[in-house]
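Reader: I should like to go through the side-chain contacts of this model. Could you take me through the charged pairs and the rings?
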Amino acid sequence: MQYRKLPHGEEQISVLGLGTSSIGMAGEEEIEATMDLALENGINYFDMASADAAPFPAFGRALAGRRGKVYFQIHFGANYQGGKYGWTTDLDTIKRSVDWQLNALKTDYIDFGFLHCIDEEADWRHACQGGTLDYILELKRQGVVRHIGLSSHTPQVVRMALDEGIPDMLMFSINPAYDYHKEGEFAIGGVDERQSLYRRCQAEGVGISVMKAFSGGQLLNEKTSPFGRALTEYQCIQYALDKPGVLTVLPGVRNRADLQRILGFVKATPEERSYSVLGSLAPQEARGVCVYCNHCQPCPVGLDVGLINKYYDLARAGDELAKAHYAGLEKKAGDCVGCGHCDGRCPFHVSQSKRMKTIAAYFGQ
């Protein structure tokens, strides 16, 4: 298992996390066994936006004596007191629900307290004016909440939260269908808007936990995939992990069998993870843009073309650390000899040899 550090903290978060949306139907013994399997394989990040209440007490039992080994995303606005998931914006109901979740998980603190499902500007205003944000901030002052986050599907609303400097973590839907299709067709925000959001999160030190990496399963079936071709789970996971700011991907699992299959990603070959096929499937507006897939490797002179591009894009987005990271590279854009090897291999039709000249001029090396 690989881990990525939370920029605004010391937490080392597993690149594979666990979504709990569907696991409640498995039964208590299977939920506990799945939790054990996840921990044994190094998964330490768990999103608790579940379809029902079942995972909470089962996780609480499975974690006896091991609470310090995991990080929970707890959603302020997800209500489980009736046994099934319900969405609420009522502050008193939110308080009771959070207390119930803490008791069920047998814990007295929350690693990541999330404003839940903030998809519209009105949702953000209500969270700010209705007391929910103040409640989370107070719990953070008390040490009950360690970090504040929010879940959203809407770039414009996320930017409002970023403008206020609120989140340390964002839960956001990332997959090729959402990123590369027209506004409103599958998701909110076009190609440029969504990519810009990812870069801004990394530049400002806001981590991203990824939901809907498989587009609710659509991408895994050629009959439902908007590309007319099925992608694999491993391709979708790698795609999300390559986006700026992303720390972890949270596939939902129903049982141990699902989790065991997902864990195969850890030992999958680069070829099994490669999503270069998207270059022939994505719409025209997505072409000519480096997505850091490194399908152009190996570079004859040893450049990490994807990483050079990522640092350049982040530096232009205002990330000062990206400039320092670029300066630390052994091989820089200025070392490009213009052989064209990467140009011929790029599935997104990026003229990387020309781009290396632009990047070298920007950084001065």
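Author: The discussion below covers salt bridges, then aromatic pairs, then charges placed over rings. Please note that this is a predicted model.

Reader: How many salt bridges are there?
Author: The count comes to 15 salt bridges.

Reader: Which residue forms a salt bridge with Asp179?
Author: Arg194 does, and the closest N and O atoms are 2.8 Å apart. This pair links distant parts of the chain, with Asp179 in helix 7 (residues 176–180) and Arg194 in helix 8 (residues 191–203), 15 residues apart.

Reader: Is Asp179 buried or exposed?
Author: Asp179 is buried, since its relative accessible area is 0%, and buried means under 20%. Arg194 also has 0% relative accessibility and counts as buried.

Reader: What about Glu121; where does its partner lie?
Author: Glu121 and Arg125 are both in helix 4 (residues 121–129), four residues apart, which is about one turn of the helix. Their side chains meet in a salt bridge with an N to O distance of 3.8 Å. Glu121, at 32% relative accessibility, counts as partly exposed. Arg125 is likewise partly exposed, at 40%.

Reader: And which residues are linked in a network of salt bridges?
Author: The network links Glu233, Arg254, Asp258 and Arg261. Within it, the side chains of Asp258 and Arg261 meet at 3.2 Å, N to O. Both residues belong to helix 10 (residues 256–263) and are three residues apart, about one turn of the helix.

Reader: How accessible is Asp258, buried or exposed?
Author: Asp258 is buried, with a relative accessible area of 6%. Its partner Arg261 counts as partly exposed, at 37% relative accessibility.

Reader: Let us turn to the rings. How many aromatic pairs does the structure hold?
Author: It holds 14 aromatic pairs. One of them is formed by Phe56 and Trp100, and this pair is edge-to-face, with 5.4 Å centre to centre and 65 degrees between the planes.

Reader: Which parts does that pair tie together?
Author: Phe56 lies in helix 2 (residues 55–62) and Trp100 in helix 3 (residues 91–105), so the pair ties together parts that are 44 residues apart in sequence. Phe56 is buried, with a relative accessible area of 0%, whereas Trp100 is partly exposed, with 28%.

Reader: Which residues form one aromatic cluster?
Author: Phe56, Tyr80, Tyr85 and Trp100 form one aromatic cluster.

Reader: Next, Tyr326 and Phe363. Why is the pair stacked?
Author: The ring planes of Tyr326 and Phe363 are at 15 degrees, with the centres 3.8 Å apart, so the pair is stacked; the cut-off for stacking is planes under 30 degrees apart. Tyr326 is in helix 13 (residues 320–327) and Phe363 in helix 15 (residues 352–363), so parts that are 37 residues apart in sequence are tied together.

Reader: Are those two rings buried or exposed?
Author: Tyr326 counts as buried at 1% relative accessibility. Phe363 is buried too, with a relative accessible area of 16%.

Reader: One last topic, charges over rings. Which ring does the charged end of Arg67 sit over?
Author: The charged end of Arg67 sits over the ring of Tyr109, 4.0 Å from its centre.

Reader: And Arg273, over the face of which residue does it lie?
Author: Arg273 lies over the face of Phe265, at 4.0 Å from the ring centre.

How values were computed
Residues numbered from 1 in each chain as written. Predicted model: local features only at pLDDT ≥ 70, side-chain atom pairs only at ≥ 80, totals over all residues. Heavy atoms only, no water. Salt bridge = Lys/Arg side-chain N within 4 Å of Asp/Glu carboxyl O. Helix = DSSP H or I, 4+ residues; strand = E, 2+ residues; numbered from the N terminus. Buried < 20%, exposed > 50% of the residue type's maximum accessible area, 1.4 Å probe, protein only. Phe/Tyr/Trp six-rings, centres within 6.5 Å; stacked < 30°, edge-to-face > 60°. Lys NZ or Arg CZ within 6 Å of the ring centre and 35° of its normal.
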